[in-house]
Amino acid sequence: MNRIQIFLVEDDPDWIKAMTVFLNAQEDMMVVGAADSPEQAIAMAAILSFDIVLMDIQLTAGRLDGIYTAAEIHELKPQAKVIMLTSLADEFVITKSYTAGAVNYLEKTRFKELPAAIRSAVLHPGTMEVLLKEFARLKREEQLRGLTPAEREVFELLDEGYSHSQMEKKLFKTESTLKNQINKILKKLGVKSSREAVEKVRRKGIVRQKDKS
């Protein structure tokens, strides 16, 4: 029998140890890795193979950095399911979790429900995937609604990976016209580069917090 492979992201080493023992005791589950910071989680996600991520929402005290970490991992491994674990029962946090691509949200005090939640996410994802896909579409439209039709056309090509020269030819625009439109797109999305614009929209507006200097 193929075991469900689980990746733990949690800053509390005692919780990692306890959950590893608890989940490995399930005959159909195996913890394949654990990370204790956003940076380590993203680096490990790029090389690990896993079916489920159990993501702590607060990897740093006072910050909801597990949410943007979930969004980045979801972009790296869209086939993996994310279950958010937290001690926060807050509507805003729950909504943000689903925006990041999580398929479930569980308070840590209910950890005994984890095996059932994991099996459901991996074996019966249908209804939730439909809802999340529609939610993602609505969040994308929400972010792009301020763009004009011409700007939206340019953004879609940026999202598809077109270079500026390729866009100039495809859209029959001059370099100055295209540059002007891209600058307007960046201003409206609140970013500094085309790459940041694409990343922000793909991650549904959830981006890594910048540390204040």
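Contact here means that heavy atoms lie within 4.5 Å. In this predicted model, Ala150, Glu151, Val154 and Phe155 of helix H7 are in such contact with Leu178, Gln181, Ile182, Lys184, Ile185, Lys188 and Leu189 of helix H9. The residues of this contact divide into seven nonpolar, one polar and three charged. The axes of H7 and H9 come within 10 Å and cross at roughly 90°, and because angles of 65 to 115 degrees count as roughly perpendicular, H7 is described as roughly perpendicular to H9.

The largest nonpolar core has 23 residues, and those with the most contacts inside it are Phe7, Phe50, Val53, Met55, Ile73 and Met84. The elements that give two or more residues to this core are tabulated below.

| Element | Residues |
|---|---|
| Strand S1 | 4-9 |
| Helix H2 | 38-45 |
| Strand S3 | 52-56 |
| Helix H3 | 65-76 |
| Strand S4 | 81-86 |

H3 gives the most to this core, with four residues. Apart from this core lies another, of 20 residues, among them Ile16, Ile52, Ile83 and Leu85. Leaving aside neighbours within four places in sequence, Val53 is in contact with Phe7, Val9, Ile73, Lys81, Val82 and Ile83.

In H2, the residues Pro38, Ala41, Ile42, Met44 and Ala45 are buried. These residues cover an arc of only 165° around the axis, and therefore lie on the same side of H2. The cover over the buried residues of H2 includes S1, strand S2 (29-35) and H3.

Key: Residues are numbered from 1 along each chain as its sequence is written. This is a predicted model: local features need pLDDT of at least 70, side-chain atom pairs count only at pLDDT 80 or more; totals for chains, interfaces and linings use all residues. Side-chain values use heavy atoms; hydrogens and water are left out. A nonpolar core is a set of buried Ala, Val, Leu, Ile, Met, Phe, Trp, Tyr and Cys residues joined through side-chain atoms within 4.5 Å. Buried means under 20% relative accessible area, exposed over 50%, partly exposed in between (1.4 Å probe, protein chains only). The arc is that of the directions from the helix axis to the C-beta atoms. Axes are lines fitted to C-alpha atoms, for helices over the stretch in contact, and angles run from 0 to 180 degrees between N-to-C directions. Angles under 35 degrees count as roughly parallel, over 145 as roughly antiparallel, 65 to 115 as roughly perpendicular and the rest as oblique. Ala, Val, Leu, Ile, Met, Phe, Trp, Tyr, Cys and Pro count as nonpolar, Asp, Glu, Lys and Arg as charged, and the others, Gly among them, as polar.
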